[in-house]
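Here is a colleague's note, in numbered points, for a student who is reading this structure for the first time. Please keep the sequence and the 3D view open while going through the points.

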Amino acid sequence: MGLTPGCRCARPDGAVLLADWLSDAWARTRAVRVLDGGLEGGPLADRAVLAELTDPDRLARARELTTGGRPTGDICRCTGDVTLALYDAQDRP
């Protein structure tokens, strides 16, 4: 999900705090697709869907597992093997 103009997590200088962005994105999430390929795996629409979560309890658990805790330092953005793509009610990433 991209950041929408006027989103509450955009600061006046245009910067966005990752924790705020994630909170906003997860609040709008209605489906999570586990896609083949990490950060450099190409366009989301071109990737194989390995799994999809739509159950609200499973979405809540996925959110907890991916955003819970207190990160220290920078958040890892390694390429990895899979991507979790968050989709809203209009099926937009």
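1. A salt bridge, as the term is used here, is a side-chain nitrogen of Lys or Arg within 4 Å of a carboxyl oxygen of Asp or Glu, and a residue is called buried when its relative accessible area is under 20%. With those two terms in hand, please look at R47, which is buried yet has no salt bridge. The nearest side chain of opposite charge belongs to D36, and that side chain is 7.6 Å away. Please also bear in mind throughout that this is a predicted model.

2. What, then, does R47 touch, if residues up to four places away in sequence are not counted? R47 lies in the loop between β1 and β2 (49-53), and its contacts are L35, D36, G37, G38, L39, G41, G42 and T83. Two polar partners can be named: the backbone oxygen of G37 lies 2.8 Å from a polar atom of the R47 side chain, and the side chain of T83 makes a polar contact with the side chain of R47 at 2.7 Å.

3. The partner T83 deserves a look of its own, since T83 is found in strand β3 and, at 17% relative accessibility, counts as buried. Leaving aside neighbours within four places in sequence, T83 is in contact with several residues, among them R33, V34, L35 and L44, and R47 belongs to that list as well.

4. How many salt bridges does the structure hold by the rule given above? The count comes to 5, and one of them joins the side chains of R33 and D91, with 2.6 Å from N to O. R33 lies in strand β1 whereas D91 lies in the segment after β3, so this pair ties together parts that are 58 residues apart in sequence. R33 counts as buried at 14% relative accessibility, while D91 is partly exposed, with a relative accessible area of 45%.

5. R33 has a further neighbour to check in the 3D view, because a charge counts as sitting over a ring if CZ of Arg is within 6 Å of the ring centre and within 35 degrees of the ring normal. The charged end of R33 does sit over the ring of Y87, at 4.0 Å from its centre. By contrast, a search of the whole structure for aromatic pairs finds 0 of them.

6. Another salt bridge joins the side chains of R61 and E64, at 3.0 Å from N to O. Both residues lie in helix α2, 3 residues apart, about one turn of the helix. An α-helix has 3.6 residues a turn, so residues three or four places apart point the same way. R61 is partly exposed, with a relative accessible area of 43%, and E64, at 49%, counts as partly exposed too.

7. Are the two partners R92 and D88, whose side chains meet in a salt bridge at 3.0 Å from N to O, buried or partly exposed? R92 counts as partly exposed at 47% relative accessibility, but D88 is buried, with a relative accessible area of 8%. Elsewhere, salt bridges that share partners join R33, E52 and D91 into one network.

8. Finally, please inspect helix α1 (residues 18-28), whose buried residues are D24, A25 and W26. What covers these buried residues includes β1 (31-36), α2 (56-67) and β3 (82-87).

Conventions: Residues are numbered from 1 along each chain as its sequence is written. This is a predicted model: local features need pLDDT of at least 70, side-chain atom pairs count only at pLDDT 80 or more; totals for chains, interfaces and linings use all residues. Side-chain values use heavy atoms; hydrogens and water are left out. Rings of Phe, Tyr and Trp (its six-membered ring) pair if their centres lie within 6.5 Å; planes under 30 degrees apart count as stacked, over 60 as edge-to-face and the rest as tilted. Buried means under 20% relative accessible area, exposed over 50%, partly exposed in between (1.4 Å probe, protein chains only). Helices (H or I, at least four residues) and strands (E, at least two) are DSSP runs, numbered from the N terminus. Contact means heavy atoms within 4.5 Å. A polar contact is a pair of N or O atoms within 3.5 Å; within protein, one must be able to donate a hydrogen and the other to accept it, and residues adjacent in sequence count only if both atoms are side-chain atoms. Lys and Arg count as positive and Asp and Glu as negative; His and the chain ends are not counted.
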